[in-house]
Structure formats: structure tokens, C-alpha cells
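I opened the model today to go through it chain by chain. These entries record what I looked up, in the order I took the topics.

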Amino acid sequence: MTSVTELLAELLLMPFIAFVVGLAMVLMYRKIAARLQRRIGPPLLQPIYDIVKLYGKETQISHGLIHDIGLVMAVGGYVAAEIFLPVPGMDGIADKGGIITLSYVLMVPSLGLALGVGQCANPNGSIGISRALTAMLAYDIPFIIVVFGVATHYQSTSLVGMIEYQQIHQWGIFEMPLLAVAGLFALQGMMGKQPFEIYVAPAEIATGPMVEMSGKYMGGLFVMQTFQLYTAGVLYTSLFLGGGANWFEFLVKIFIVVAIPMSVALVFPRYRTEDMVRIMWKWPVMVALIGIAFVL
Amino acid sequence: MSKIGNIPVNAQNGKKRTNPLAGVFDELVQFCQSRSMFMLHYCTGCGAIELPPAMTSRFDMERLGIQPMVTPRQADILLITGYVSVKTLKRVILTYEQMQSPKYVIGICSCTVNGGMYWQSYATAKVLNEYLPVDVYIAGCMPRPEAVIEGLRRLMGNIENGKGIAWKDYFQRYDHYLGNQQHLFGNDWQTPTDIIGEARHYGLETEQTCGEHSRILEQHQQPLEPYKMRIKL
Amino acid sequence: MRPENYQVVSLPNSDEYELFIGPNHPGIEGNYAFKLKLDGDRVISGKADAGYLHRGFEKLMEGRLWIQNLAIVPRICVPDPVPMEVVYSLTVEDIEKTEVPLRAQWIRVMQLELSRIASHLFTFGGHAATTGMYTPSYWGVADRDLALDLFEELTGGRVYHIYNIPGGVRRDIPNGFLDRLSDYLDYLQTRQNDYDNLLFTNQVFVKRARDIGVLNQEQALEWGVTGPNLRATGLAFDVRRDDPYLIYEQLDFDIPVQSAGDCLSRILVRRDELFQSVRILRQIIKHLPSVKGPVRSPIPNPLAWNVAKGESYCRVESSKGELAYYTVSDGGDKPYRVHVRGASSMHAVQVLENMSVGQRIEDVAQIMFSLDACPPEVDR
Amino acid sequence: MKCDEINAWLDALLSEINEIEVTRKSERRVRVDVPASSLPALLELLKGKASYVHLSAISCVDWPGDEEFELVYHCWSYEAKSLLSAHTRIPRNSAEEFAHYVSVYDIYKPAAFFERDIYEMFGVYFESSPYMEKFILTEWNGPPPMRKDFDAEAYVNDTFNWADYHPQWLQDIEEEGGGIAIRPEDIRL
């Protein structure tokens, strides 16, 4: 039984760790892109520079209260998600929430973004957000099926329980390879990378949801991105790669997990919206259902 | 003027700073501003053809923290790449006023300095800093990517030393800039941004902010309504 | 333009909204604007808005000497400037009845093809970037830069090289230039596989580009489409072969043709054309040393050069399509009138407006880039 | 030879129209001078019967001395591989009132772009052309700029300011008698 102060400390520390690790992931993405594109890439502290600069802008244009609240929801949703994700030595409230709660919490950011962007009255933003919600709908179906299969297999909905099971027996990826593959697809969609990067799409709708964001709002989105990458990595690691016994193993695993979609993203264009939905509802769902058949 | 102040501006400058660490914080922000520059993806002229080489693999501006951004709201630097025709200049000014301060303007190519080889042309504006405050000019027709990067580095140095303050000049001497704009576009020229209101808000208003030209503006100004999106149910 | 797109989509007014693509938008090529009227994400009508790059070139040329104009003509099309110089020189030579030395003609063709390679490499990246893949644009621009290095060595200018003058070219090629050109071509051919794997046979890209922006041959002829965009509809027409200029008759090259007329076939035509240019350049590397002689025929003092009275209409095949100049001289020291028929003046305006109707918003940028429209040619 | 056949046919065809003057400049270039009234008929014949399906360009030349605009229609035949330039002349009005001519948009679709261009730059109004409105020069209020009587240099000097650039080193050189002493017009031969 952890004491209340310890729990509070964990609740503060876990999002902070997520932020720092997420920054490193953003840097890693930009470095991978640079290497693949035959260039050097940004300096090590570039993600921090960007965020500090954006928060330090003199003009901060707000488009009303809903705009602010939407942004807070977007970032806050992820911050809340972080405390459901167990890391080595810290469980937060992961054993109380479980993965069902987590998958609900993960929808909050998209909805918050939709609220905030809708207030900007920019058609590009509105198109972007409608695409983002469509994308969410697309990747959530395989994601939910995967979560269902995994929970059935481990006979538990608690991430802590799943990690313990995997550390005793075998990693989930070896026991449920099909579900793991379907999960990778969902991960790609969840991270919003090509070929499923439909809602940023600079050449089509001028970065969609971000089109009217400026200053600290843009900074908020950058922070959100760090959390997003971290969440995706940790979730997949917990479900299929047995979490981490220690910090080193844990970090290696989540960075590898995040690096795979990133590398894939750089050599593919994006699908059209309807193609993404079609593909997401076809292959990953099919693979995941077959995977479930094996699990059951 | 107050009619068009529909977009609220929350500035941090107006507040009095009591925190002893404010100076340190300001320096940190300045440093980060100089290391992270988002430039607007707007190719106004032929100099834009040297930006892709400067941005991509060979010269790689991202290693200096410079990356292209898509909308004026997100960007810090407005690169005027080459001649600006009168039609473009209107859009450039609109774009500039939508950007978030601190914002910087770089004039690339000789055409922005003094008309360049289009000095005879009836369609291009000649001296860019009559219409916008320019931080750095990069001369050449067209400047090589190395020169573009050199100019951007000079701007970075200026920002770090606190000298990149040309954007304040736009608020402080708005009447001068507005006068030149009106001379070119006619007296009914107006933009949807309330520059004078913003100048007051930042505490940057001087006696040159308002003048004869801003009075002409007030006479012609149409009150602007915020654009509302219709939601179909 | 699929047939069903011709139908007027009748919709209640309340669902329509307007969207501006450009002039400040990453999905637009250069400083150009395209106003869309949309219903959902389906385009009801598109309206091109040009003039952001208007400098009044034709007026400027009337105020300058014949030789001074050479400095401003390349500015009309920035990514592909050499055809501009060449075609202007061709019109002046045609009026003056100047014979261009054979060696100069070979050198001109060499530049034209190198410029075509550079321009196409640029286009691939742009086209890929509109579909969300940025790696080809990084590669393409970096590879194009090596071609610009060759240009710099040959002419002294990276982008604008004012190297062709009426009567020939300014000076002979530097020592060892052909070897370096040959090295560059070898390098390009080693990259062919990379580009194919990354872009041209990438399944997602193919899915994205196939059957988008279809232009059939009949429509293409009706709307005056030229160049690679016309060849992508199946008509093997190339000014280089069918209305030959310079020494193209002596060269052996194929005209790549695709039949579908969609975005994919347009980019594939450009890809094949790039390697045909490599083939032409290889022939030039082989033959140029054996072509001896001066590189320009003497012209009068260029500062007091009264070109004979006359008019001429010359065309070349630029990387965008058919590029033509109509030059009129009244016997003075300045052109009386120069009319520039920009290669993309059709593609960027009428063809784009017609093709965008009924398309989805995510494809508009791709269609524009696949047409390889160059706004400065429209605006002049 | 197919080309020769078509060319011979073309010659016969052109003889059908009155007051027409055909000059064969080279193997693939034909110049035709035609009165303004019969130009649309000529183009229709060319497109319909002689396979000149591609309108390459319409050029306009201002001849203020003759009080005329010269319109040149460049048509290309993909089959005969020849380029025909049809020259015609229409009366020129002052800048305030447009000169008038008929559009050939119903024959050649690309004409719309060129006609709009000529409308803006020269002030020639083409009847029944679909887009007779400002396109490139939407922000321009002056006379049609490509007319010979519009003096661009004077307009520029009136409208725009120039940056003063007279640095110390140039002043020093000028004191010694150097600087930009020789103007281009002085060295004209």
C-alpha cells in the first residue's frame, strides 16, 4: 500500500518523465528524418528551444474561451493518460484504471482539439479536425479489438497485471503475433504519421488543426505531440513487449517501438481519408480478428 | 479604431515585472528565439528557388533550428524572396500583420533593396522597407544558399543580442508605413488588423503611431465582423 | 477530368464555402492563388488568380537593348531558365539570319537537357511533397544542386546563367567539363533505383496518384495542353522531334508516352524523360569533342546593334511544355515587341480550373504539381 | 508524303478566302495575312479541314503609327507539322475606349487565356470571349500598360521612391573625379 504522498509524487513525476522522454522522441524523429534525407538534422536541444520560444512569444492570439479550454483538454487528456501508464518503479493509478479507462482517456485530446479548433473559424482547421476525428474512428476499431484480445489473453484489464504476466511467462508479441501486427497499424494511426497522416497534410489543408494556432497554443500542441509519442510507445510496450524491468530496458523498448512507425512514415505518402478508413477497417481488423480467434 | 478590435490580444509586456529572475528568463527566451526560427513558407519571387537547396539536404537549415512553417500565425520570419509586385505587397502586408510578434522580415535579392533589375517595371514595388520594417537584407541576384544562411545567422545574432527589434518600429512609426502603403494602394487601403490598438496594448505607441495617414484610414475604415462558420445540422 | 465531372453539381447554397489555396500555402507552386468553392471536401469550382509575379516583362524588354534583354529573360521561368535564353536567341538569330556555329548548337542542347534534368528533379520532389512524402524532395533538390554546380562551372551562375547570346554561346566549355558531366550522369543513373523504389513504384503513392486528375487526349488537344502533360495522354508529340531546332535531328532519343493521362502517368512521363535526357547528354559527351570550330558567330557591337526589320516565332520544348517567343523588330536597337508564350500558361489557368471541378480537396495540390505549372510563366 | 498532301490541300483551301496573302517562310512556317473580317472563317477552316488543332498563341502588336493593332494567331498542325501565323490588323482606339474584335473561343479554347491577356495589356475587347475581366492586373488602375503610348519609366518615377545609396566611399571616389561618370548612353556608338 503506497502512501498518499508517494502517490502524489508519482502523479507529478510521471507526466514530467513523459514530457522529457517525449522530447527525446521528437528529437529522434527529426534525427531519423534527417539521416534518411541525407542531412545533419537539428541540434540536441531543438525541441526545447521550439517550445520555450513559442511560449515566449509576445503576441498570444486567443480565439475565445472555448479555444483555450480545448487546448487544455488536449494537453490535459494526455497528462491524465500518462498516470495510467506504468513505468518501472512507478505505477501511478494504473492498477486502478486499467486499459479500458485509458482508451477512453485517449479520446479526450482529439475531442478537446476539435472543440478548440472549431472556435478558430478557419475552414482549413475545420476540415482538419473532421479528418482527425475520422482518423480516430479508423484506428480505434482495430485498437479496441487488439485491446479486447489482449485483455482476454491475459485475463486482466490492468496494465500492471499484464506486465507482470509477461515478465513471468513470455512477451505478448510471441504469444499473440497477429494482434501485435494489428497493434502496430493502430499505433501508426494513433501517432498520426504517414501513410495515415491525413489531418495535418500541409499541402492540402495547411496543417489542418494547427492552422490558427500561434504562440503558446502552438507550444501546447508541441507539448501534446511529445505526450502522444510517449503514450503510444509505452502502451505498445506494456501490451506486447513486457513493459520494462528496469529503466534502461524500458527506454530502449519504447524508443524502438516509436522508431518503427517513424521510419515507415518517412518513405510513404499519405492516404486519402477514405482509403485510410478502408485500410484500417480491412487489414488490421482482419488480422486482429484472426489473432483473437487464436487467443480464444 | 476600436471597432475592429475583435481579436483579443493578450500581451505580457503590459504587466510590471516584479520577479527578480525576469531578466534571466528574458535572456533564456531570447536565446531560444534565436535558436528556433520558423520561417513562413511564402515564395514571393524568384529568390524562392534558392530556398529549397538551403533547406534541404545540401545546406540543411534545420541544423540551425530554422524550419518552414505553413501559416503566418505559426511563423516568426517573413522571407521576402525577391521582387514584390504591388499585388503581392498587399498580401505580404496582410501576412506580416497577422504574424505574432516578435516577428522579423528578411529581404532577399537585390529587388527588395531598390527595385533591382525591375527598376523600370510598373508592377513591382521598389524599396521594401518603406512598407515593412526589414531586419536584414541579403543582396544578390540571386543570393546563393550560403548567403541566405549567412543572413539568417546574422539575424540570429541580432536576436540573441536583443537587436532584432525592427518589429517594434512598425508599431512606433505606423503612420509612416501606412502613408507609404496608402500612396501605393490608394486611400481606401485597410487591413483587418488593428495595429494602433495593438501598439497601445504593448505600450509601444509614440507620437508617430497616429498621424494624418491613420486619420485617413479611420475615415475609410469599414467595421470588420469576425468570420463565423455555419454549422450544418 | 472524368466525364462525370462535367456535370454541374447542383447543391443548396448553404453547404458551399470558399477556400483559398495560395498565395501563401504549401500546396501551391510558387506565388499563385487558386480559389476553390467547396461542398464538403468536393470541389464545385476553382478559379485561378494570377498576377502575383507580374513584372511586365514584355514592357521591360521593349525598353532595353537586344543584348540587355538576355539578362532578364531567364527570370520568366525560374526552375527552368535555359530554354528562355535559347528561344530568345533563336528568334533574334531568325530575324537577323545569323548562322549559329555547330559547336555552339551542341553546347546549347547540352544546357537545355541539363536544365531539363534539373527541372524534373525539382518537380518530383514537389509532387511527392503534395502527397505527404518529403524524402524525395530532399533527395531531388540535393541531386539538382549537383546539376547547378555544373552550370556554375560552365556559365558562372547557379540558377540564372545568361550564357546563350544571339549568335552562339558566350564561351567554350571549360577543360574537363564533359568528364564531370559524365560523372554526374553516372551518379544519376545509380540513383534511378532509389527513386523508383521510393517514389515511382511506391504502392501508396501509386494508389494516391492513379486515376486522379484524368485528362484524356481529346480534352488535352482541345485545351491546348503541351509537353509532358500531353504525352501522358498518349500523343507522342515533342517539339524537339516534330519541329526540330538546333541539332535535335541528329540525336537519337525516344519520346516517352503514357496513355492514362492521370497524375501518375504525368510523373512517369517526366521520369522517363529525365533518363532520355541522360541518354542525349551521353551522345553529346561523345560527339562534342569532335565538333570543332568557334562557339559564336560575330555580332555587331551589342550596344549599338540594330537588328533587321522582321518578325519571328520560335518554339522550344521546355520541361513544362511548348515555350514560344514572338519577337518583332522594327529595325531599332530595342525589340519592338516580344510576346512570351509561357509553357504553363495553359496548364496553370484553364486546364487546372477545368480539372479541379469535382475533385477532392486533397487532390487539388497534387493535380497542380503534376501539371508542373510554373506561375511566373503565366504572369510574366 | 502526307505532309505535302496536306500542304497542297492547304494552299487550295487558302485560295478560297478573299484578299488573303500566303507567304511560305520556311518548310514548317507559313505566314498568312488576312483581313480582320475573314480571320474567324480562316481559323475555322484551318481547324476543321486542315488539322490545325493547336492554337499556340495569340500575339498582339501595337502600331500606333498606323493606328492599328496587329493580331497574330499562331496555329500548329500535329499532322502536317507546320506552324501557320495568321496576321490581321484591327483599328486602334485611344486607351479610354477599347478596340473591339471577335473572339475565337468557340473555335479554339486556349484563346480565352490569350484574349484575356490582350484585353488587359492592350485594351482590346473580344466580343463573346468568356473571361473579359481583370486577371493579372487586378490591382492596376492605369491605362493598358503594353500600349506604346504608356510610358512605364515616367510612371515608375512618379509612383515609386528610390532608396538613397550614396555611401562615403563613393563620395570619396567622386571627389577624386571617379564614380559613375560614364553613362551608358555616352558609350553608344
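The entries below go from chain A to chain D and touch on interfaces where I checked them.

**Status of the model**

I note first that this is a predicted model.

**Chain A: a helix pair**

I looked at helix α6 (residues 123-154) and helix α13 (residues 273-295) of chain A, whose axes come within 9 Å and cross at roughly 5°. Angles under 35 degrees count as roughly parallel, and α6(A) and α13(A) are therefore roughly parallel to each other. I then listed the residues that make the contact. On the α6(A) side they include R131(A), A135(A), A138(A), I145(A) and G149(A). On the α13(A) side they include M276(A), M280(A), W281(A), P284(A) and L289(A). By class, the residues of this contact divide into 17 nonpolar, six polar and one charged.

**Chain B: overall make-up**

I counted nine helices and seven strands in chain B. Of its 233 residues, 52% count as buried. I also checked sequence separation in chain B: among contacts between residues at least 6 apart, 83% join residues at least 24 apart.

**Chain B: two domains**

The assignment divides chain B into domain 1 (20-163) and domain 2 (173-225). I find the C-alpha centres of these two domains of chain B 23 Å apart. At their interface, 10 residues of domain 1 of chain B are in contact with eight residues of domain 2 of chain B. Which element gives the largest share of the domain 1 side in chain B? Helix α3 (residues 86-98) of chain B does, with six residues. I sorted the domain 1 side of this interface in chain B into six nonpolar, one polar and three charged residues.

**Chain B: its partners**

I looked up the contact with chain A and found 28 residues of chain B against 32 residues of chain A. The chain B side of that interface has 11 nonpolar, 11 polar and six charged residues. For chain D, I found 12 residues of chain D in contact with 11 residues of chain B. The chain D side of that interface has eight nonpolar, two polar and two charged residues.

**Chain C: a hairpin**

I followed strand β2 (residues 33-39) of chain C into β3(C); the two pair in the antiparallel sense over seven bridges. D39(C) stands opposite R42(C) in β3(C). The two strands of chain C form a hairpin with two residues between them. G40(C) in the turn has a positive phi of about 65°.

**Chain C: helix α12**

Is helix α12 (residues 347-356) of chain C mostly covered or mostly exposed? I find it mostly covered, with eight of its 10 residues buried. Among the buried residues of α12(C) are H347(C), V349(C), L352(C) and M355(C). I checked what the buried residues of α12(C) pack against: β3 (42-49), α9 (228-231), α13 (361-370) and α14 (375-379) of chain C, together with α3 of chain D. After α12(C) comes G358(C), whose phi is positive, near 85°.

**Chain D: overall make-up**

For chain D I counted five helices and seven strands. Read along the sequence, the pattern of chain D is α-β-β-α-β-β-β-β-α-β-α-α. Of the 189 residues of chain D, 35% count as buried. Among contacts in chain D between residues at least 6 apart in sequence, 55% join residues at least 24 apart.

**Chain D: the sheet**

I traced an open sheet of five strands in chain D, ordered β1-β2-β5-β4-β3, with mixed pairing. Why is one side of β1 (21-26) and of β3 (54-63) of chain D left without a neighbour in the sheet? Both stand at the edges, each with a single partner strand, so one side of each has no neighbour there. Neighbouring strands of this sheet are turned by 20° against each other on average, direction ignored.

Within the sheet, I checked strand β4 (residues 68-77) and strand β5 (residues 82-91) of chain D, which pair in the antiparallel sense over 10 bridges. L71(D) stands opposite T88(D) in β5(D).

**Chain D: helices across the strands**

I looked next at what lies across these strands. Helix α2 (residues 39-49) of chain D lies across β4 and β5 of chain D and runs at about 165° to β5(D). Helix α3 (residues 111-122) of chain D lies across β3 and β4 of chain D and runs at about 15° to β3(D). I note again that α3 of chain D is one of the elements against which the buried residues of α12(C) pack.

Key
Residues numbered from 1 in each chain as written. Chains lettered and ligands numbered in written order. Predicted model: local features only at pLDDT ≥ 70, side-chain atom pairs only at ≥ 80, totals over all residues. Contact = placed C-beta atoms within 7 Å. Nonpolar A, V, L, I, M, F, W, Y, C, P; charged D, E, K, R; others polar. Helix = DSSP H or I, 4+ residues; strand = E, 2+ residues; numbered from the N terminus. Buried ≥ 20, exposed ≤ 12 C-beta atoms within 10 Å, placed from the backbone. Domains from an automatic or database assignment. Pairing = 2+ DSSP bridges. Axes fitted to C-alpha atoms, helices over the stretch in contact; angles between N-to-C directions. Parallel < 35°, antiparallel > 145°, perpendicular 65-115°, else oblique.
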